[in-house]
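Visitor: Could you take me through this model, beginning with its overall make-up and ending with how far its coordinates can be trusted?

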Amino acid sequence: MTTETTHTTVTPQAERLVRTHRSSASSFRSMVSNRLGSAFALIIAVLWTMPTFGLFISSLRPESAIKSSGWWTILSDPQFTLDNYERILGGATSTNLAVYFQNSLVIAIPATVAPLVLAIMASYAFSVLTWKGRDWVFVGVFALQIVPLQMALIPLLRIFSGTEIADVFPFLSLWVAHTIFGLPLAIFLLHNFMSEVPRDLIEAARIDGAGHVTVFLRVMLPLMLPAIASYAIFQFLWVWNDLLVGLTFSGGSRTVQPLTAALAAMTGDRGQDWHLLTAGAFISIILPLVVFFALQRYFVRGLLAGSVKG
Amino acid sequence: MGFLLYSKNGQLILAILAFAALLAVLLLLARLADRAKGRGGTPVMVAVFGGPALLLLAVGLIYPALRTFWMSVMDERSETFVGLANYAYLIEDSAGLIALRNTMLWVVLVPLLSTGIGLVYAVLIDRSRFEKVAKSLLFLPMAISFVGAGIIWKFVYEYRGAAQEQIGILNAVITGLGFEPIRFLQDSPLNTLFLIAVLVWIEAGFSMVVLSAAIKAVPEDIVEAARLDGVSGWQMFWRITIPSIRPSLVVVLTTISIATLKIFDITRTMTGSQFNTQVLANEMYDWSFTFGDNGIGSAMAVVIFVLVIPLVAYNIRQMARNRAVRG
């Protein structure tokens, strides 16, 4: 790293270059010494990656190999097979995850779209429209994040259970529950984005005679696309990874239960069937991982909007 | 028609169509109100844009929360009033106490450890050549469900007797070094710590991403000024970096604490909440849905709620302050 003495000898341009490469963090790092710091970061990175990597490798090993030796032995004894995946996607009904995978998709798509659309509309009401008591209601919506899912569960469940609608549309209660539970955070995040859209833009459109619907559809939505994308990923992952709502609102029914519930049951019943568990776990994380890597940039932006800007 | 009603994909399509129709009607209403332009325009507009969400929140969160309060002072079937008996049970019952103790342990350790690790990592990789890759490696577990993470770590912690070949990597390392294998998930009280490690593994990426952004936002002139004053790296960290990112630190700590209070999937998948690893959120599930006692279950939900309140109240104050600053 550069030292203080370089200031006197370098050109102003070079100095600026050096300066832009400094941050409060990098000066701490240079003190810990680069090599030690990097080694430490590397150890953390390995610790964080290894468990998932080991699961993936194991899921590709034959049953007998998984149960008798560690996955790291593939170097000396490479054996790979797709049997585990075949068994868990096409095998006996109790462990056939293909059905649950479909359930999870059927649950997750409306449960991502509905809160998203409703939250965009609500954000418009909270950031563009002006009305009495607006700020209080907004703080109230934000505060609803305190209500733990656990608290809303049983009463909400009672609203649905036993009704004919619940019998005919078994997924409805799951969709509604996820939509409701996702709303406070969604409204909060999207409102933050929306209040950063310059007022002038909206005023100009209003003066040109555009109604609120036109402003909403033609001005707001296009500007909000990145934010909408980031929230959509967030909500999708959240719904896909949920267990609590899936367990309670599916009533234990195989036809509606999500993948996570099936997997959780499997770890209880067949805890030692590592060939099924590893393949099953990997199937459950493959879609989130693809979404994560493909859209990582948006996902991160969504996180930051909610947590750093207040 | 039959396809739409009797198959999963059909119901999915039907739901999306119904939702789209509802939106079309709402926007049409708003457009009519726009045309009318009278004084009545705004209430209609607020009702159209904000109404559906607020209605759902009232039915789905406010009413259920009030009802849960009510159920927590009623008996198991919510028929007779029992006062605070359900809460008293929580304190008297040894299982309830263990759940309470464990929840406290979780809610203290997880935010501190994941924020600490996230911060150190963010600092160490800041402006290094591999920053992007390094970030996604730590951030990756965020995309994995608690159930998935539970299985991943159950496999890492897998225990076999000393005579057998270990298939869990941790015990393989431990026996490789000549020690006895450890029953990570069965031996209380350490097993709770090993479960906590799983949530730290998941949440550290979150704190790292947020804190890394905050570190990059520290104004350069402050850093430069401090440097000219001869501030050392260590002092820079404590006197400049930490105070500058304090708001982000608070947000990360509270967000993770709230998530931790509600955690229930990890103990459920990894130990089935046996071996003294029970936590409040999972015990609430057991009481309400396995044992069918809504009174005690609701009381536990209320306790979780009460524990979350100070955290969110603090955040709301912070939010109000930010608003005031922004004007």
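Visitor: How many helices and how many strands are there in chain B?

Guide: In this predicted model, the secondary structure of chain B can be given as two counts. Strands number zero in chain B, and the helices number 15.

Visitor: Is chain B more spread out than a compact globule, and what is its radius of gyration?

Guide: For 327 residues the globule rule gives 20 Å, and the value for chain B is well over that, so the chain is more spread out than a compact globule, with a radius of gyration of 26 Å.

Along the principal axes, the C-alpha atoms of chain B fill a box of roughly 80 × 65 × 50 Å. The value asked for is 26 Å.

Visitor: Are α7(B) and α9(B) parallel or oblique to each other?

Guide: The axes of helix α7 (residues 146-157) of chain B and helix α9 (residues 190-216) of chain B come within 10 Å and cross at roughly 130°. The crossing is right-handed. Angles over 145 degrees would count as roughly antiparallel and 65 to 115 as roughly perpendicular, and α7(B) and α9(B) are therefore oblique.

Visitor: Which residues in α9(B) does α7(B) meet?

Guide: From α7(B), the contact draws on Phe146(B), Ala149(B), Ile152(B), Trp153(B) and Tyr157(B). By class, this contact has eleven nonpolar residues, with no polar and no charged ones. The partners in α9(B) are Phe194(B), Ala197(B), Val198(B), Leu199(B), Trp201(B) and Ile202(B).

Visitor: Which element of chain A has the lowest mean pLDDT?

Guide: Chain A averages a pLDDT of 81, but over residues 1-10 of chain A the score stays under 50. Where pLDDT is low, the predicted coordinates should not be read in detail. Among the elements of chain A, the highest mean, 91, belongs to helix α7 (residues 97-127) of chain A, and the lowest, 41, to helix α1 (residues 6-9) of chain A.

Key:
Residues numbered from 1 in each chain as written. Chains lettered and ligands numbered in written order. Predicted model: local features only at pLDDT ≥ 70, side-chain atom pairs only at ≥ 80, totals over all residues. Heavy atoms only, no water. pLDDT = per-residue confidence, 0-100. Helix = DSSP H or I, 4+ residues; strand = E, 2+ residues; numbered from the N terminus. Contact = heavy atoms within 4.5 Å. Axes fitted to C-alpha atoms, helices over the stretch in contact; angles between N-to-C directions. Parallel < 35°, antiparallel > 145°, perpendicular 65-115°, else oblique. Left-handed = near helix turned anticlockwise from the far one by under 90°. Nonpolar A, V, L, I, M, F, W, Y, C, P; charged D, E, K, R; others polar. Rg over C-alpha atoms; globule rule 2.2 N^0.38 Å.
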